[in-house]
Amino acid sequence: MSSTTLLRTLKTGHVGLNVTDLDRSIDFYRAVLGVQVVHEGTYPERRYALMGRDGRLVVTLWQQSEGTFATATPGLHHLSFEVESLDEVRAAEHLLRELGAEFAYDGVVPHGEGSASGGLFFTDPDGIRLEIYTRTGVAETGATAPTSSAPTCGFF
């Protein structure tokens, strides 16, 4: 029997991220993703927050890091969140600008030249690369893809 047969209901569960300042990261992810703290470990040597939305765990933040996200080492490339509409992506852009987030590209961009899908590419306070995108509506904005030879989500 193949693993495809065994894992017919496979979905991504939550994502665990190492952060340098748990309180700052809780505030950021709460504001941007609308997630709430479901459970928090407050032991000085083991601080973490389980954050969820609509009864589902989305992201777990672990305060056990120093420095910033390293893009040159193996591990997470970026974390992506899908929303239903371009209006939601634009609302996220407005909020992220208010929060002072750093963007990889200026505003909403398509995933590739002429692609209907696209979104925002930005970093969290620790430099972790994030994406908020929608599947449709981006081509109609007239925005061009930042690179013609690779997917935008490559953060090139």
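Leucine 10 sits in the loop that runs between helix H1 (3-6) and strand E1 (15-19), and it makes a handy starting point for a look around this predicted model. From there, we can move on to a nonpolar patch on the surface and then to two pockets.

**Around leucine 10**
- Leucine 10 has a relative accessibility of 65%, and because exposed means over 50%, this residue counts as exposed.
- Together with Leu6 and Leu7, Leu10 makes a nonpolar surface patch of about 340 Å².

**The largest pocket**
- The volume of the largest pocket is about 640 Å³.
- Its lining is made up of 22 residues, which divide into 13 nonpolar, 6 charged and 3 polar.
- If you would like to find the centre of the largest pocket, look for Leu33, Arg53, Phe81, Glu82 and Val83, the lining residues that lie nearest to it.
- Two helices and two strands can guide you there: helix H2 (22-33), helix H3 (86-99), strand E4 (56-63) and strand E5 (79-82) each supply at least two residues of the lining of the largest pocket.

**The second largest pocket**
- The second largest pocket holds about 210 Å³ of space.
- Lining the second largest pocket are 16 residues, and those closest to its centre are Asn18, Ser65, Phe69, Ala70 and Ile128.
- By type, the lining of the second largest pocket divides into 8 polar, 6 nonpolar and 2 charged residues.

Conventions: Residues are numbered from 1 along each chain as its sequence is written. This is a predicted model: local features need pLDDT of at least 70, side-chain atom pairs count only at pLDDT 80 or more; totals for chains, interfaces and linings use all residues. Side-chain values use heavy atoms; hydrogens and water are left out. On a 1 Å grid over the protein atoms alone, a cavity is a set of points where a 1.4 Å probe fits but cannot get out, and a pocket is an open set with protein on both sides within 12 Å along at least five of seven lines; lining residues have an atom within 4 Å of a point. Grid points are joined across faces, edges and corners, and a volume is the space filled by probe spheres set on the points. Helices (H or I, at least four residues) and strands (E, at least two) are DSSP runs, numbered from the N terminus. Ala, Val, Leu, Ile, Met, Phe, Trp, Tyr, Cys and Pro count as nonpolar, Asp, Glu, Lys and Arg as charged, and the others, Gly among them, as polar. Patches are made of residues with over 30% relative accessible area and no salt bridge: like charges are joined within 9 Å, nonpolar side chains (Val, Leu, Ile, Met, Phe, Trp, Tyr) within 5 Å. Accessible areas come from the Shrake-Rupley method with a 1.4 Å probe; for residues, only the protein chains shown count as cover. A salt bridge is a side-chain nitrogen of Lys or Arg within 4 Å of a carboxyl oxygen of Asp or Glu. Buried means under 20% relative accessible area, exposed over 50%, partly exposed in between (1.4 Å probe, protein chains only).
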